[in-house]
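Hi,

Here is the structure I promised to pass on. Have a look at it first, and then read my notes below.

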Amino acid sequence: MGRSRKNLIELLVCVCIALDFAQTIVADFRCGKDQFVCGNETCIPENWRCDGEDDCGDNSDEKNCPVRHCDLSTHFECKTVDRCVPQRWVCDFANDCGDNSDEPANCAERTCSQNEYACGNGHCIPMRWRCDHDKDCEDGSDERDCGNKTCDGNQFTCGNGKCISRSWVCDRDDDCTDYSDERNCPNKTCKPTEFTCNNGKCIKASYKCDGDNDCQDGSDELGCPTTGPTCKYSEFQCKSHECIHESWICDGENDCSDGSDEKGCNVTSCGPSEFSCTNGRCITIHSQCDGRNDCLDNSDEQDCAPVKPKPCKKDEFQCGNTEQCIPYSKVCDGNADCKNRLDDEPLSCSINECNYHNGHCQQICTDTKTSYICSCRVGYKVDKDDRRVCRDVDECEIPGSCSQACYNQKGSFKCICRNGYVMEPDRQSCKAIGEPGFLIFANRQDIRHLSFDSSDYREMVPEQRGAIALDYDFESGYIFWTDVIDENIRRTKMHDTSPVEDLVKINLDTPDGIAVDWINRKLYWTDTGVDMIEVSDFDGKNRLQLVTTNLEEPRAIVVHPFLGFMFWTDWGEKAKIEKCGMNGDLETRLEIVTTNIMWPNALAIDYTVDRIWWADAKLHTIESSDLDGGNRRLVLSENINHPFALTVFQSYIYWTDWHHNAIHKANKFTGEERSIVRENLFSPMDIHVYHRQRQPIGMNPCSVVAEIEGCSHICLLAPKNNKYPDGFSCHCPPGVNLLYDQRTCNTTDAFKCTNKTCMNGGTCIVKEVGALPSCICTHEFTGKDCSVRRSLPLSPTPDTSGHKAPLNVGQLQDVQKEDVGVTAGISVAVVIVLLAMSGLIGWLVYRRIRRNNLRSMSFDNPVYKKTTESNGSLDRISIRFGHSHAKKCQSLLSSFRNEVEIHSC
């Protein structure tokens, strides 16, 4: 009896303690700063109040809220959720409202057009995406029953179904990748004018001993006389004729393709504060075991002390802060197994905290044997300061969440595609609208076309010697490339048999990089031989030197015509990536990447996200950043051997590798989905994706102003700022200066009237010696050269995108000034005629009075008096000149003082 009473008392004490503990939990409840207290005693972020969603669970956060009204012209009003979504999100196969009201049943009833293919889920895709080796339908129905591909007449059909150029059959290269193009080939004998390589290839005899491995086995360079050095004083010339930094000699890594920079090296001992790498490099002792491959052979990350493991296994319970572990099944079993009884038998053993206001967890409460854990639903994360509260996860901050634009929503996110792209079935990737794209790349001896799946492989431009850098203009169909052996820049049409044209072949040394400005139709290139960046027209004319100082080894170059900037890499002693205005204005020049960079070979820009990607051939990495060098991200750092060029399209990057003579592909954000597109190439150099959306249509600032006040000679795009409000600047040929108007070049013809000075019947005049000629236009036309038809408003100049560019305020003011002047002139002429008639009438009246001698009268015409008094100012002309960086002012005839004023702009 006494024992039972004792047990009952202990049970009552435990219950009382438990109830007191539970009350303590409730009493201790309070929300933090910037949090809303829900009616069920949970906390949510204050900015979630009145957002149309029941975040509290009892809807207390949505009570007494103002009524939300959607703009139905642009937005859709969700049915059961107080939320507005853009109209374009309706029927886009995504539950944007949360209640699926933006995806009604009739969405699936849409009928696809004749130019579209109907997927199994009712989604419509362009018919040209059918059988393009890319699953655009969620069910993959667009890639079923495609049959075998038919090759063109000038192609050879490989045994594996791939297509290659017929000229590659029996050329001793496995172009089909199954050797079907090299079967049953007759013995080939080289011509008398050719050199026979050891591998059986035939090359031109003139290629023998020219310093280039034309045979691919080096046999054409054997037994050749030694030539003088061609590298700079601070460089080492490899036996394979490449040039590398002297500091890279004997650094444990083969930077020369033949490894000659690492031959005959003495083993050097590292200092006391350095770590000696297996490959002979020396790094700081602090770099050892830091998780980074500082040695470049990973030897600094070998034999590192393992991270101290947790004292207890996953199914064990740790007793307090000690290393004592007990099976989790013994926790809260009534027996004290830990040295400290309260560790495994705390007072909370008999309490389910989740039964009390959900443990004050905002979303999910999970009871444990000794406590409880708050967690969040997908799309949310536990607040770092208050473990009971959930915060929204901003998926847009996670690289790769969307291939282009990202719109964050509470608990979710939405991907948006730029103009010219449509959403893929995965709701994250964007696919370019238009004909399927493909890769074009320089292969030293030729320029080649390669489909993304490598099924279509052909030669575009044959018989080249040193084709290195290339780019194209989609609108004109031209492809441009540099040849470092023949030292010139060339072009030809991509889609016909047009002849190859030499554009620039004077004063070129080593043009390693080239970029096309497709908006203003200019060519930009780097020359690492003379350390310079130049520009010219598409035909090679109007050539200008843009950047000539502080360049060591300029290599790759890209341009952003919509922002007016160019970007380039420099692998000199101080390796870097720079950007500058496309007009070469040094005030806009900026070093954007200067750290953790050594040999930046490749450079590309993605116009859909405004980011750059580059590859480092020394650090063996591929990285990305925004256009100012910020938000830098490492994309790949494993098995990146010797990248030379890089291009970006849709969700992927493609790069050429000298070490494997291959083209690789990977996800542009994560580096995943990696694959080899093509290998066993001769010598892959520059590479680009050919597609309309890689060169979006846009307005050319130089064309917009050309009809009003364009540049007399050369117009280059520039960053739009206070200095260049119109986004361009004017330039003159070498040796010619720009005049004060910042539009006209100081040439002899600039000061003469020619038959091209004034158009549409305008009269050219030179008012004084040394002054520029001006035009007196007919009434129908105006402008600097009378090229603009007079009307208000002026007809806007259409841009290449089909939109009309309105005139700016200054242009309208000029036209208005012209009209005011004409109106004033007509008014003066009318007044003068009226005065003459009044005078004539007065004189006739006076004579009649005198003749009749009847009576006299005094005549005082105030209008006449006022007009004649002002006639004295007709000869007074006030002209004020000023320095103008904008437009030439038009004459304005004042109707009050009848003065001609020319104001400075």
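**Salt bridges**

A search of the whole structure turns up 25 salt bridges, where a salt bridge is a side-chain nitrogen of Lys or Arg within 4 Å of a carboxyl oxygen of Asp or Glu. Before the details: this is a predicted model, so local features need pLDDT of at least 70 and side-chain atom pairs count only at pLDDT 80 or more, while totals for chains, interfaces and linings use all residues. Residues are numbered from 1 along each chain as its sequence is written, and side-chain values use heavy atoms, with hydrogens and water left out.

Start with Asp-173 and Lys-201, whose closest N and O atoms are 3.1 Å apart. Asp-173 sits in the loop between strand 8 (163-165) and strand 9 (194-196), and Lys-201 in the loop between strand 9 and strand 10 (202-204), 28 residues apart. (Strands are DSSP E runs of at least two residues and helices are H or I runs of at least four, numbered from the N terminus.) Lys-201 counts as buried at 14% relative accessibility, whereas Asp-173 is partly exposed at 22%; buried means under 20% relative accessible area, exposed over 50%, and partly exposed in between, with a 1.4 Å probe and protein chains only.

Arg-692 and Glu-475 also form a salt bridge, with 2.9 Å between the closest N and O atoms. This pair spans 217 residues: Arg-692 is in the loop between strand 48 and helix 3 (701-709), and Glu-475 in the loop between strand 28 (467-473) and strand 29 (478-483). Arg-692 is buried, at 19%, but Glu-475 is exposed, at 58%.

Then there's Lys-576 with Glu-591, at 3.4 Å from N to O. Lys-576 belongs to strand 38 (residues 576-581) and Glu-591 to strand 39 (residues 590-593), so the salt bridge ties together parts 15 residues apart in sequence. Shared partners join Lys-574, Lys-576, Glu-578, Arg-589 and Glu-591 into one network of salt bridges. Within it, Lys-576 is buried at 6% and Glu-591 is partly exposed at 33%.

**The sheet and the rings**

Which order do the strands of the open sheet of 6 take? It is 7-8-27-26-25-48, with mixed pairing; two strands pair if DSSP finds at least two bridges between them. Strand 7 (155-157) and strand 48 (687-690) are the edges, each pairing on one side only. Strands 26 (residues 447-450) and 27 (residues 456-461) run antiparallel and are joined by 4 bridges, and Ile-447 has Val-461 as its bridge partner in strand 27.

The loop between strand 26 and strand 27 holds Phe-452, which pairs with Phe-649 of strand 44 (residues 643-649), 197 residues away. Their ring centres are 6.0 Å apart and the planes are at 20 degrees, so the pair is stacked. The rule here is that Phe, Tyr and Trp rings (six-membered ring for Trp) pair if their centres lie within 6.5 Å, with planes under 30 degrees apart stacked, over 60 edge-to-face and the rest tilted. Phe-649 is buried at 3%, while Phe-452 is partly exposed at 25%. The count comes to 17 aromatic pairs, and ring pairs also link Phe-438, Tyr-472, Phe-474 and Tyr-690 into a cluster.

**One loop residue**

Asn-520 lies in the loop between strand 32 (513-517) and strand 33 (522-527) and is buried, at 8%. A polar atom of the Asn-520 side chain lies 2.8 Å from the backbone oxygen of Cys-715.

Cheers

Definitions and conventions: Polar contact = N/O pair within 3.5 Å; in protein donor to acceptor, adjacent residues only side chain to side chain.
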